[in-house]
Structure formats: structure tokens, C-alpha cells
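Student: Got a minute to walk me through this one? I'd like the helix packing, then the interface.
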Amino acid sequence: MDLLLNFLPAIIIIVVMFGITMIAALYSTYGERKVAAYLQDRHGPNRAGPGGLLQPLADGVKMFLKEEIIPVASNKFLFILGPSIAMTCALMTGVVLPWGDKFTLFGRTFNLQATDLNIGVLYVFAVVSVSVYGIMIGGWASNNKWSLMGAIRASSQIISYELSMGLSIIALLMVTGTLSFREIVLQQHGGILHWNFIAQPLGFLIFLICAFAECNRAPFDLAECETELVGGYHTEYSSMKLGFFLFAEYINMFISSAVMSALFFGGFNFPGMDFLAEKGLDANWITLIGTAGYFLKIIFFIFFFMWVRWTIPRFRYDQLMNLGWKSLIPIALLNLAITAAVMVIRHSNNFGF
Amino acid sequence: MLQSLFYFLSFTSIFLACMVVFAKNPVHSVLYLILTFFTIAGHYLILNAQFLALVHVVVYAGAIMVLFLFVIMLLNLNAETEPRQSMLMKFAGTIAGGCLMLVLIAVFSKANALPAAHEVNSQIGLIKNLGKILYTDYIMPFEVASILFLIAMIGAVILAKREPKAAI
């Protein structure tokens, strides 16, 4: 019984987060269409429900009811495995993210976080690097040249940008000295000036660019470049298997926004946190406001993803590779060296200042 | 509990490793190899080496095997294009492999369990302890290994650059 009580908060948080992630991804599709519409001076979806709010549900039902086609020449098992891996990996990352501070309920205090791994950042990297297989296997199993090209583009892009992403994170880890998401967020307590993007502006910029590439989002959506590759790696997919691929992309966007807000923008910290605590506001309320603030930051980043998608045209593939290997990695290495030098100077008195 | 987990992981990793060899389709072989790496990461986890487990997944399952998969997918190997192996080669391979197995079994069945050289800290696999040891006691081998990697990287770049432009 006691064991169950210990695990119960984690289980509840996992279930709630699963729901929120799904809803966030569902409404990201709606948000994307609305943002695109406003940027292009249109109305966007406005028929289903008030302001088109039920459009995602209609889309979902449509996805489920469409005819399921598995190409004859495809490898059936791998064809189904591809989107399943993409979806599973997309949903796995949310476990280590800190959604809120301490919360007290029925005399028990627990963190609004499913589990706090002491290597949480690395865990996210591991899951991201495995999620490449969803696209690769799906693209290959379709037995279609466009799909294969799309899959290869997507995965080489993801592994190339993973390098500079990792380097930018290493610079951040030098500053924080921990791989645990919770500790990184708690270190940023105490106003905007303590948030990591102040200390690591270059690192944040690199991380942001790499996040676009990792999610296969415009301007780096070469994997599904219609003019060159028909539909990219999901050319042969139909019905909910296509839905899973598209859904995984939106979930990845949500998760990378969450990772970015936690690592660089203070996570559940918000300006005026200590002021409210001094005024005697209940700690639970502060936690809830913090969680709401965290979600606001996430929504802002999701909006930013969409904003960029409908503003900047797509890169050419060689430009993409040149940017990744010849610009971002050297800049990330430079950032790493500068950070290391500053850390040495700050932490040792041997230099006399 | 831990022991049964160990046996489960060991049997699955051996089974999957065998499947790497027996699978007819090279892409399936690579996928089995990836699963084998996951079971090995599981072994690291029950040894309380979480850092090693995740790095293993990132590096081997996530990066190296992707490149393997790349090459094999682009070659598009299948039964028709595969060169036929002569019977003699198969026999030679079987005999050589069998001899190796015989030697290994002979060696390991006679081997005594070695006692631990000194007390092993069960928390050594945690990232904090591992980092401290790597950067204090083992700083020299660690740095030498990283220089070796750097040299290998530069070598790979030079080899790739030597290709004339006509190749594209």
C-alpha cells in the first residue's frame, strides 16, 4: 500500500502529462493552421465549432476513418513499426521534464515531475537519437525511392544537428554543473537575470536552430520537401499511420519547446515569485502559477516555431548541411571554449581577480 | 528479482545476437543489432551504471547504427544481388568458427573466478563519481584517448577530401 502511495503521484502525473501532451499536439495542428492563416491574411479553419475550435477533432476522426493502405511491395512489419517508434519516442521524453515545483496534497509533498533522473538531459538525448529509427525504418519499409530519400535526408539531418545541439548543451552544463532538469530549473530561481539564456545566449541560439532541424520543421523540413520528394518519408503512408508521423512531429515540437523553456528560460520560475511568497501566498498556488507560466513559455516557443515556418523559405539541402557542419559546430565549439575560460577565471583565485 | 532480470537480459541479448547472424535480410540484421545494444544498455543499468547505459544508447544505438543502416539501405542488398558463396567457403567458415568456440569453451570451463582486486564501489557508475575519477585518477589515459579520437577524425576528413570532384 505504501509502495503504491509512493508511486501514485508519479503515475497520475504521467497520465495527466500524456493527456496534456496529446491535447497540446492536437491543438498545435489547429494553431498552426490559424497562425498560417493570419500570416497569409486568411481566416483559417472556422467552420467546425466556434472559431473552428473543433477542427482538430474532425481531423482526427478523418484520420481514423480513412482507408488504410499497406503497399504490397512493402515490408509489412517494419512499415507498421516505423510510425509506432516515432510516436513512442516522442511521448517518452516528457517523463523527465519538470512541470512544476513542490506540491502539497493531503499532507504529502511531491514534485510535479514524473521522475527526476540525475542524467535527465542525457536521457532526452538518448530518446531523440533513437527516434531517428522511426523515420528511417518507415521510409525504407515503404519500398519507394522518394520515401527512402526522404528518410535518409531526415536522419542525416537529425544526426548532424544532434552534434551541435549536444555541444551547446555541454556549454550549458558547464555553467549548471548538473544533468538533472529539476536542479537546472531550481538554479535559475530569482528573476529573469538568473535565467540561463542570459549566461548562454549563443548556446541558446544554437540550441534553437538545432531544435528546428531535429523536429524536421521549416526552414529545415527537407525530409518532406514536396517539390522534390512528393511527401518525403511518409509518401506511402495513409490513415492513422500517417497521422502518427505528423502527430509525432507536433509532439516533438511541444517537447523541444518544453526542454528549451526548462534549460534556458527558467522552467517553472517566474518573475515576482519571491514577492508572492513574501506576501504569504500558499506555496501550492505559487507552484500552480509557476506551472502555468511554464506552459505559457512553451506555447510561446510553439508559436515561434510556426511563425518561422510561415516566414522563412526552405533551405537547400547542401545549404542545410553546410550550416550544420561548417557554421554551427565551430560556433558551438567556440561557445564551449569561451564558457570554459570564463568558468576557470570565475572559479579560481590563481589569476588574481 | 535482479538475478532473473539478468538472466532475461542475457538470454535476449544472446538470442538477438544470433538473429543478427541468421537474419536473411541485411536490414533486419542491423535492426537486431540495435536491439542487442539495447539489451546491453539494460545490463549497464542493472550494474548501476546509468551514465554508461545512456551514452551507450546515444553513441551505439543512436549514431553508429544509423550510419550502418544508411549504407545498407542505400546499397539495397537483396537475395538476387547477393554474391553466391561457394560450399568450400561455408565449410571453412564453419570449421574455423567451431574451433574458436571449442577453444573458448575449453578456456572458460577451466578458469577460476577471479577475486576482486580491491573493494568495488557500487556507486561508481553514477555520473558524479565517474566524472571525478575520470578527471583525477585517470586524466592521462582519458586525454590520450580523446587525442586519438581527434586524430582519427582528422584522418577521416582527409581521406574523404582526397576524392576527386569527378566522383560526384
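Tutor: Sure, one term up front: angles under 35 degrees count as roughly parallel, over 145 as roughly antiparallel, 65 to 115 as roughly perpendicular and the rest as oblique. This is a predicted model, where local features need pLDDT of at least 70, side-chain atom pairs count only at pLDDT 80 or more, and totals for chains, interfaces and linings use all residues. Residues are numbered from 1 along each chain as its sequence is written, chains are lettered from A in the order written, and side-chain values use heavy atoms, without hydrogens or water.

Student: OK, at what angle do H5 and H13 of chain A pack?

Tutor: About 10°, with the axes 8 Å apart; H5 covers residues 145-176 and H13 residues 317-347. H5(A) and H13(A) are therefore roughly parallel to each other.

Student: Which residue classes make up that contact?

Tutor: There are 20 nonpolar, eight polar and one charged in the contact of H5(A) with H13(A).

Student: Switching topic: how much area is buried between chain A and chain B?

Tutor: About 1,900 Å², with 82% from carbon and sulfur atoms; buried area is the accessible area (1.4 Å probe) that two parts lose on being put together, summed over both. A:Tyr133, A:Met136 and A:Trp140 supply 30% of what chain A buries against chain B, more than any other three residues.

Student: And how many salt bridges cross the interface?

Tutor: Zero by the rule, which wants a side-chain nitrogen of Lys or Arg within 4 Å of a carboxyl oxygen of Asp or Glu.

Definitions and conventions
Axes fitted to C-alpha atoms, helices over the stretch in contact; angles between N-to-C directions. Helix = DSSP H or I, 4+ residues; strand = E, 2+ residues; numbered from the N terminus. Nonpolar A, V, L, I, M, F, W, Y, C, P; charged D, E, K, R; others polar.
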